[in-house]
Structures are given as C-alpha cells and as structure tokens.
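This report describes helix packing, aromatic pairs and salt bridges in one protein model. The sequence and structure are shown first.

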Amino acid sequence: KVVIRTLDSQIDDLDIQMTHHVRTHYADIGSLLESMKGIGGNTAASLIGNLPELGRLTNRQIGKLVGVAPINRDSGRYRGKRTIMGGRPQVRAALYMPTWTAIRHNPVIRAFYHRLVNAGKPKKVALVACMRKLLIILNAMVRDGKHWDLSLHMA
C-alpha cells in the first residue's frame, strides 16, 4: 500500500508539473486545444509534447503521422480492408478516451460516430474515424489560432 500511495503521489506531482509547464510555455496552444469538449489538460499536454507538428501539417499528413489514416494493403487482385498502422502510438493512446468523451458530449463528433455505426461500420472503425476527425479539427484550430466554435461545423 505504501508503494502505491507513493506512486500515486508522484503521478499527481507530475500532472501538476506538466500542467504548469504547458500553462507557462504553451498557454496559447493549450487554451485552443482545451476549448473543445473532450480535451482536458493532460490530453493537451500530451498532444503538445508528442505532436509538435500539430497545426503545421495538412489533414492527410497529420492523420498519417499519428497513424489514424486508413492505409490500403492491396496486392495484385487482392483488395483487402483498409487498416491503420504505424504512426505515434502515444498520441493515439492520448486521443482514445477524449474521443469517447467527444462522442458523448460533442454534437459534431457524436453525429459523425452515429452516422458511421448506422451505416454498418464496426464500432472500433467508427471510433478510429472519430479520432481522425477530432485530430483534424484540432490541427485546424491550432493552425488558424481559433478556439472551438460549434457553428463552424453545423451544416
């Protein structure tokens, strides 16, 4: 029990240091990222630390860099399913839970997820597609220097 309490205390200290570092050195990008529902301080810090290219690449490039873009594995007459591979697994892991939060609380991501599931896509495929959409939106927000605005995404 003592070891677990010590480790929990160290994790809490690291979270505080990480949040302080982001608010001190990357306050502008951190506030942009955190303006979207589903993105909290730890996710913003993880994205800033593990994905410094955020806001500087195209949508296709950022999706491929993180490893959430569908890649074909066709050969000859074989036309298989598209899969995700490569990229930065730590960024994918950092986006996993925020994407579930966004599916529940962000109307744009929620509608996208339900549209894919209703079209017959497996839930994991729809989740990865939502991760990619979330990443692309965050990339555009950082690139343009604009906070989350729901009105820009409603058709």
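The sections below take up helix packing, then aromatic pairs, then salt bridges. The model is predicted.

**Helix packing**

Two packed helices are described by the angle between their axes and the distance between the axes. For helix H5 (residues 89-105) and helix H7 (residues 123-144), the axes come within 9 Å and cross at roughly 100 degrees. Because angles of 65 to 115 degrees count as roughly perpendicular, H5 is roughly perpendicular to H7.

On the H5 side, the contact is made by Arg92, Leu95, Tyr96, Pro98, Thr99, Trp100, Ala102 and Ile103. These residues meet Lys124, Leu127, Cys130, Met131, Leu134, Leu135 and Leu138 of H7. By class, the contact of H5 with H7 comprises 12 nonpolar, one polar and two charged residues.

**Aromatic pairs**

Tyr96 and Trp100, both among the H5 residues that meet H7, also belong to an aromatic cluster, together with Tyr113. The structure holds two aromatic pairs, which are set out in the table.

| Pair | Distance between ring centres | Angle between planes | Arrangement |
|---|---|---|---|
| Tyr96 and Trp100 | 6.5 Å | 80 degrees | edge-to-face |
| Trp100 and Tyr113 | 5.9 Å | 70 degrees | edge-to-face |

Tyr96 and Trp100 are four residues apart in helix H5, so about one helical turn separates them. The pair of Trp100 and Tyr113 instead links distant parts of the chain: Trp100 lies in helix H5 and Tyr113 in helix H6 (residues 107-118), 13 residues apart.

As to accessibility, Tyr96 is partly exposed at 29% relative accessibility, and Trp100 is likewise partly exposed at 29%. Tyr113 has a relative accessible area of 6% and is therefore buried, the cut-off for that class being under 20%.

**Salt bridges**

The structure holds two salt bridges. In one of them, Arg88 is bound to Glu53, with the closest N and O atoms 2.8 Å apart. Arg88 lies in the loop between helix H4 (59-66) and H5, whereas Glu53 lies in the loop between helix H3 (41-50) and H4, so the salt bridge ties together parts that are 35 residues apart in sequence. Glu53 has a relative accessibility of 22% and counts as partly exposed.

The other salt bridge joins the side chains of Asp144 and Arg143, at an N to O distance of 3.1 Å. Asp144 is partly exposed, its relative accessible area being 44%. Arg143 is also partly exposed, with a relative accessible area of 44%.

Terms used:
Residues numbered from 1 in each chain as written. Heavy atoms only, no water. Axes fitted to C-alpha atoms, helices over the stretch in contact; angles between N-to-C directions. Helix = DSSP H or I, 4+ residues; strand = E, 2+ residues; numbered from the N terminus. Parallel < 35°, antiparallel > 145°, perpendicular 65-115°, else oblique. Contact = heavy atoms within 4.5 Å. Nonpolar A, V, L, I, M, F, W, Y, C, P; charged D, E, K, R; others polar. Salt bridge = Lys/Arg side-chain N within 4 Å of Asp/Glu carboxyl O. Buried < 20%, exposed > 50% of the residue type's maximum accessible area, 1.4 Å probe, protein only. Phe/Tyr/Trp six-rings, centres within 6.5 Å; stacked < 30°, edge-to-face > 60°.
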